Amino acid sequence: MNTPAAASFFTSRLAAKGQPLLIAGPCSAETEEQVMTTARGLQALGNIDLFRAGIWKPRTRPGSFEGMGREALPWLQRVKAETGLPTTIEVATPRHVEEALAHGIDVLWIGARTTVNPFAVQELADALAGTGVPVMVKNPVNPDVALWAGALERLERAGITDLAAIHRGFSTFAPSRYRNAPTWMLPIELKTRFPHLPLICDPSHIGGRRDLLLPIAQKALDLDYDGLMIETHPDPDHALSDAEQQVTPQRLGEILTELKYRYRSS
Ligand code: PEP
Ligand code: MN
């Protein structure tokens with residue numbers, strides 16, 4: 001990607017804001033009330049750019065909460081109608097893309113467990129071609145920059161240019177204080193291949209713990225990342241997925257105030 005897309009959701013918002021993009025919302029949409037309470041709390045912060053929620057959840061083992069599915073899509077329509085926040089969800093199959101777009105979801109993202117699979121990414125690229133929807137691509141779970149780049153290239157070849165990458169850390173066997181090791185060199189390597197690609201950090205899935213959100217987000221800002229995606233829930237301890245890493249909208253507001261922002265000239 002050598003020239004920025006003409007009408008990019010990400011680059012035009014960044015230019016208008018002059019600050020990193022902020023994406024927040026629950027790991028999973030659980031109930032309409034939980035989604036709306038989170039969205040109202042985030043709207044009150046006044047600086048959130050995009051509301052995220054997982055609808056179809058890729059869980060490691062069967063029997064865990066696997067998301068509310070399409071039933072939750074009207075809840076996100078309500079978020080947008082009542083708070084004005086644009087919405088984003090994870091898609092893993094062409095059917096997810098079709099249903100998300102039929103419900104006016106503004107931005108889609110490809111999750112770490114899908115980025116690892118070139119067949120799945122190609123099917124998504126084909127389904128996304130011509131839709132004009134902005135797409136964020138999380139790194140694959142394993143520390144393989146070529147696979148991450150390959151997914152972005154498949155989308156570009158399908159004519160999808162409104163793209164961003166999300167760094168969510170890499171799975172390691174070695175014991176680590178992180179849920180997924182940040183290995184900060186890898187996203188930097190990706191940027192050498194895609195210099196204009198907006199890069200967003202996901203401290204929630206890197207840290208896996210609330211107390212690591214601030215230092216990880218600060219490191220990302222120090223490295224000049226273009227945005228942060230942070231999971232928020234009105235009652236994090238009782239969340240149906242990723243309970244240990246979610247924070248309330250109010251706590252997110254405190255974290256965002258504690259962060260030190262670099263001067264952005266453009
Ligand atoms: C998520 O964002 O909730 C998620 C499942 O993330 P990842 O694909 O990074 O594991
Ligand atoms: Mn999650």
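In which sense, parallel or antiparallel, do strand β4 and β5 pair, and over how many bridges? In this predicted model, strand β4, made of residues 107-110, pairs with β5 in the parallel sense, and the pairing extends over 3 bridges.

## Confidence and overall form

The average pLDDT of the protein chain is 96, and 96% of the residues score at least 70, while the model as a whole scores ipTM 0.99 and pTM 0.96. The exception to be kept in mind is residues 1-5, over which pLDDT stays under 50 and for which the model has 10 contacts beyond four places in sequence.

The protein chain contains 11 helices and 8 strands, and its C-alpha atoms fill a box of roughly 40 × 40 × 40 Å along the principal axes. A compact globule with 266 residues would have a radius of gyration near 18 Å, and the 17 Å of the protein chain agrees with this. Of the 266 residues, 44% count as buried; among contacts between residues at least 6 apart in sequence, 71% join residues at least 24 apart.

## The parallel strands β4, β5 and β6

Within the pairing of β4 with β5, leucine 108 has valine 135 of β5 as its bridge partner. Strand β5, which covers residues 135-138, is also joined to β6 by 4 bridges, and these two strands run parallel. In that second pairing, lysine 138 stands opposite isoleucine 166 of β6.

Both faces of β5 are covered, since Val135 and Val137 point one way and Met136 and Lys138 the other way, and all are buried. Strand β6, residues 163-167, is mostly covered in a similar manner, with 5 of its 5 residues buried: Leu163, Ala165 and His167 point one way from the strand, whereas Ala164 and Ile166 point the other way.

## The surroundings of ligand 1

The residues around ligand 1 are Cys27, Gly54, Pro58, Gly111, Ala112, Arg113, Lys138, Arg168 and His205. By class, this shell divides into 3 nonpolar, 3 polar and 3 charged residues. Lys138 thus belongs to the shell around ligand 1 and is also one of the buried residues of β5.

## A buried loop residue

Isoleucine 105 lies in the loop between α4, residues 94-102, and β4. Why does isoleucine 105 count as buried? It is buried because 23 other C-beta atoms lie within 10 Å, where 20 or more are required.

Leaving aside residues up to four places away in sequence, isoleucine 105 touches Leu76, Thr87, Thr88, Ile89 and Ala100. The C-alpha atoms of isoleucine 105 and aspartate 49, which are 56 residues apart along the chain, are separated by 14 Å.

## Two loop residues with positive phi

Most residues other than glycine have a negative phi. Threonine 183, although it is not a glycine, has a positive phi of about 40 degrees; this threonine lies in the loop between β6 and α8, the helix of residues 185-193. Threonine 183 is partly exposed, with 18 other C-beta atoms within 10 Å.

Aspartate 242 likewise has a positive phi, near 50 degrees, in a residue other than glycine. Its place is in the loop between β8, residues 227-231, and α11, residues 249-258. With 19 other C-beta atoms within 10 Å, aspartate 242 is partly exposed, because a residue counts as buried at 20 or more such atoms and as exposed at 12 or fewer.

Definitions and conventions:
Residues numbered from 1 in each chain as written. Chains lettered and ligands numbered in written order. Predicted model: local features only at pLDDT ≥ 70, side-chain atom pairs only at ≥ 80, totals over all residues. Near = placed C-beta within 6 Å. Nonpolar A, V, L, I, M, F, W, Y, C, P; charged D, E, K, R; others polar. pLDDT = per-residue confidence, 0-100. Contact = placed C-beta atoms within 7 Å. Rg over C-alpha atoms; globule rule 2.2 N^0.38 Å. Pairing = 2+ DSSP bridges.
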